Amino acid sequence: MSEPLSAEEAVARFGFYTGLTCGDSMEPMLRQGRDRVCIERRTGRLRRYEVPLYRRPSGQLVLHRIVQVLPEGYVTCGDNRRCRERGVTDAMIVGVLTGFYRGKRYVDCRRSRGYRCYVFFWWRCRWLRLPFLLGRDVLNRLKRRFPLRSLR
């Protein structure tokens, strides 16, 4: 029995990849381990708000939204993150998100009016979410630093 292909190998060999997500950085759009993503080989330069799958220098595969297009690369950020990642180059990009399955319903990232509305409002109202995300991150750091002891 052969080993399953990685996302990178599947896109290089067949031009597309479909699989489950791992991680919460793209929530609420993509739910960890529940939503299936459809990644296709990219053609040309990507645009703002597209979602590339790219490999970091550490080897980790990441699916984040482009928030700024620069001449030398891209600035990306997960929908559920505060920090932006700079230095993403075309050479690092494996493919681009073209759609996803939310349960049995398919959402086409190129044609869905609902998806376009989500992206527009989610990023235009980012300043409303930032205090919540900051507070959540501070609480998580405090929990790790001072773990609660059992009450027994």
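Reader: I'm looking at the chain from the N terminus on. In what order do its elements run?

Author: Start by writing one letter for each helix or strand as you follow the backbone. This is a predicted model, and here the order is α-β-β-β-β-β-β-β-β-β-α-α. That gives three helices and nine strands.

Reader: How do I see which strands go together, and in what sense do strand 1 and strand 2 pair?

Author: Look for bridges between neighbours, then check the directions. Strand 1, residues 16–20, pairs with strand 2 in the antiparallel sense, over five bridges. Strand 2 also pairs with strand 8, again antiparallel and over five bridges.

Reader: Can we pin that down to residues? Which residue of strand 2 is the bridge partner of F16?

Author: F16 has E40 as its bridge partner in strand 2. Now hop across to strand 8: there, E40 is partnered by V96. Following E40 like this takes you from one pairing to the next.

Reader: Okay, now the inside. How many residues are in the largest nonpolar core?

Author: Hunt for buried nonpolar side chains that touch one another. The largest such core here has 22 residues, and M29, L97, F100 and Y115 have the most contacts inside it. At least two residues each come from helix 1 (7–14), strand 2 (36–40), strand 6 (73–77), strand 8 (93–102) and helix 2 (113–124). Helix 2 gives the most, with four residues.

Reader: Which residues does M29 touch, apart from those up to four places away in sequence?

Author: Leaving out those close in sequence, M29 touches D35, R65, D79, L97, F100, R102, Y115 and Y118. There's also a second, separate core of nine residues, with Y54, V62, I66 and V96 among them. You've met V96 already, as the partner of E40 in strand 8.

Reader: What about helices against helices? At what angle do helix 2 and helix 3 pack?

Author: Picture a line through each helix and compare the two lines. Helix 2 and helix 3 (residues 126–145) pack at about 65 degrees, and their axes are 5 Å apart. Helix 2 makes the contact with W122, W123 and R124, while helix 3 uses R126, W127 and R129. Sorted by class, the contact has three nonpolar, three charged and no polar residues.

Reader: And the whole chain? What percentage of its residues count as buried?

Author: Zoom out for that one. Of the 152 residues, 37% count as buried. The accessible surface comes to about 10300 Å², with 56% of that belonging to carbon and sulfur atoms. As for overall dimensions, the C-alpha atoms fill a box of roughly 55 × 45 × 35 Å along the principal axes.

Terms used:
Residues are numbered from 1 along each chain as its sequence is written. This is a predicted model: local features need pLDDT of at least 70, side-chain atom pairs count only at pLDDT 80 or more; totals for chains, interfaces and linings use all residues. Side-chain values use heavy atoms; hydrogens and water are left out. A nonpolar core is a set of buried Ala, Val, Leu, Ile, Met, Phe, Trp, Tyr and Cys residues joined through side-chain atoms within 4.5 Å. Buried means under 20% relative accessible area, exposed over 50%, partly exposed in between (1.4 Å probe, protein chains only). Contact means heavy atoms within 4.5 Å. Axes are lines fitted to C-alpha atoms, for helices over the stretch in contact, and angles run from 0 to 180 degrees between N-to-C directions. Ala, Val, Leu, Ile, Met, Phe, Trp, Tyr, Cys and Pro count as nonpolar, Asp, Glu, Lys and Arg as charged, and the others, Gly among them, as polar. Two strands pair if DSSP finds at least two bridges between them. Accessible areas come from the Shrake-Rupley method with a 1.4 Å probe; for residues, only the protein chains shown count as cover.
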